[in-house]
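User: I'm new to this structure and would like a friendly walk through it. Could we take it one question at a time?

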Amino acid sequence: MPSEFVFPPRLNLALQPTPLDFLSRLSAELGLRIWCKRDDLTGGVLTGNKIRKLEYVLADALACGADTLLTCGGLQSNHCRATALLAAKEGLNCELILRGEPGLHDHDANLLLSELAGATIHTYPAAVYQPQLFELAREHRARLEAEGKTPYWIATGASDGVGVWGYIRAARELANDCLSQGITAPLVVCAAGSGGTLAGLAVGLARYLPRARVLAIAVCDDATYFEGRVGADIAACQQRWPDAGVQMPDNFQVCDDYIGPGYGEAGAEIYQLISQLARQEGLVLDQVYTAKAFYGMLQELRLGRIDSKDCIFVHTGGVFGLFAAREHFYHPNNFN
Ligand SMILES: *Cc1c(COP(=O)(O)O)cnc(C)c1O
């Protein structure tokens, strides 16, 4: 193994290492090896990638003496659900700033779990949230301080200079998986929503598995945005931990061809792929992140743009979001 990073303190929250599964029937169909890093198994209700980042972010919050976590996201945010549950686990308060106005049927899936965990929830219409998030966050912080609390602000998706350590560490785990399977030069594919998973994987794999490449499939914004975002989060990490050994990676690429109709909105091909993989491999993807990324990987393969013999799809979780989109599976053709 190459020389180590100097990792900052973390809480031990995720179930890890997660399995690296071989998708045998899909691989046989496509004529190359498709693997799945099962980060949907990092926890039961804590499923997904956010918990790995939150291990570092919550350690930082506790070191700062925080008693209240404040963060933001969509109504069905996986990140907010994981933060709410982890706050309860650590004995902290949690307040969520959410985009959207919940109707009765929205108290389901991730939002239901955040509510169950006792988070205080503030919702704003998208037209207010989008342009004013920064001010909203500042107002809520000021209010919490006036109430005598010590709030700790967590960026969207826990993607920042602290959260990036979660996937640097995950990259070390993945490199060990590869070593034991004889995989030396894989293409590692993940979804990009706020960019922290991509940033951490790229930094970590550059050190632990230098012949690996990372392909991130954007589910919002565009490639230029994510390139800037990755650079900014890594720069923040380097600034805070100048001697930790973190270097700017050049082993990754962002593809923004598969966003479809928009963030959280998907075409029929995405729902079809979710059904197909559930039946073919017992693998359940979500329509917001993982199915779009998987679809993008399959399309890039078909277009001949991937030359690696091993593709590793990082399953970043999201299963609860599927329940909030149940109506898309009612079509009788999906249940034949
Ligand atoms: C947040 C999320 C992502 C995107 O990860 P980022 O680090 O924000 O880019 C992917 N999949 C799921 C299920 C997520 O919840």
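User: Leaving aside neighbours within four places in sequence, which residues is Leu11 in contact with?

Analyst: Happy to start there, and please keep in mind that this is a predicted model. Leu11 sits in the segment before strand 1 (20-22). Once neighbours within four places in sequence are set aside, the contacts of Leu11 are Glu55, Leu58, Ala59, Leu62 and Glu90.

User: Is Leu11 buried or exposed?

Analyst: The cut-off helps here: buried means under 20% relative accessible area. Leu11 has a relative accessible area of 18%, so Leu11 is buried.

User: How many Å separate the C-alpha atoms of Leu11 and Tyr56?

Analyst: Along the chain, Leu11 and Tyr56 are 45 residues apart. In space, the separation of their C-alpha atoms is 6.5 Å.

User: What about the ligand: which residues around it are the closest?

Analyst: The ligand is surrounded by 16 residues. By type, this shell holds 3 nonpolar, 11 polar and 2 charged residues. The closest of the surrounding residues are Lys50, Lys53, Ser194, Thr197 and Thr316.

User: How far does a polar side-chain atom of Thr316 lie from a nitrogen atom of the ligand?

Analyst: Let's look at some polar pairs together. A polar side-chain atom of Asn78 is 2.8 Å from an oxygen atom of the ligand, and a backbone N or O atom of Gly193 is 2.7 Å from an oxygen atom of the ligand. For Thr316, the pair is a polar side-chain atom and a ligand nitrogen atom, and the distance is 2.6 Å.

User: What percentage of the area that the ligand exposes when taken alone does the protein bury?

Analyst: Start with the ligand taken alone, which exposes 380 Å². Of that area, the part buried by the protein is 98%.

User: Which elements give two or more residues to the shell around the ligand?

Analyst: One strand and two helices come up here. Those that give two or more residues to the shell are helix 2 (50-63), strand 7 (187-192) and helix 7 (196-208).

User: Now for salt bridges. Which residue meets the side chain of Lys37 in a salt bridge?

Analyst: The whole structure has 18 salt bridges. In the one asked about, N and O are 2.8 Å apart, and the partner of Lys37 is Glu173. This pair links distant parts of the chain, 136 residues apart: Lys37 belongs to strand 2 (residues 33-38) and Glu173 to helix 6 (residues 164-181). Both residues are buried, Lys37 and Glu173.

User: Why does the pair of Arg52 and Asp39 tie together parts that are apart in sequence?

Analyst: Arg52 and Asp39 form a salt bridge whose closest N and O atoms are 2.8 Å apart. Arg52 is in helix 2 while Asp39 is in the loop between strand 2 and helix 2, so the parts tied together are 13 residues apart in sequence.

User: Which residues are linked with Arg52 in a network of salt bridges?

Analyst: Arg52 also forms a salt bridge with Glu173, with the closest N and O atoms 3.0 Å apart. That pair links helix 6, where Glu173 lies, to helix 2, where Arg52 lies, across 121 residues. In the network, Arg52 is linked with Lys37, Asp39, Glu173 and Asp177.

User: Which residues does Ser114 contact, leaving aside its neighbours within four places in sequence?

Analyst: Ser114 is part of helix 4 (residues 109-116). With a relative accessible area of 3%, Ser114 is buried. Its contacts, with those neighbours left aside, are Cys80, Arg81, Ala84, Leu96, Ala119 and Ile121.

User: Which residues are joined by a cis peptide bond?

Analyst: As background, most peptide bonds are trans. Here, a bond with omega of about 0 degrees is cis, and its second residue, Pro17, lies in the segment before strand 1. The residues joined by the cis bond are Gln16 and Pro17.

User: Is Asp221, with its positive phi, buried or partly exposed?

Analyst: Most residues other than glycine have a negative phi. Phi of Asp221 is near 50 degrees, and Asp221 lies in the loop between strand 8 (213-218) and helix 8. Its relative accessibility is 45%, so Asp221 counts as partly exposed.

Conventions
Residues are numbered from 1 along each chain as its sequence is written. This is a predicted model: local features need pLDDT of at least 70, side-chain atom pairs count only at pLDDT 80 or more; totals for chains, interfaces and linings use all residues. Side-chain values use heavy atoms; hydrogens and water are left out. A residue is near a molecule or strand if one of its heavy atoms lies within 4 Å of it. A polar contact is a pair of N or O atoms within 3.5 Å; within protein, one must be able to donate a hydrogen and the other to accept it, and residues adjacent in sequence count only if both atoms are side-chain atoms. Accessible areas come from the Shrake-Rupley method with a 1.4 Å probe; for residues, only the protein chains shown count as cover. Helices (H or I, at least four residues) and strands (E, at least two) are DSSP runs, numbered from the N terminus. Ala, Val, Leu, Ile, Met, Phe, Trp, Tyr, Cys and Pro count as nonpolar, Asp, Glu, Lys and Arg as charged, and the others, Gly among them, as polar. A salt bridge is a side-chain nitrogen of Lys or Arg within 4 Å of a carboxyl oxygen of Asp or Glu. Buried means under 20% relative accessible area, exposed over 50%, partly exposed in between (1.4 Å probe, protein chains only). Contact means heavy atoms within 4.5 Å.
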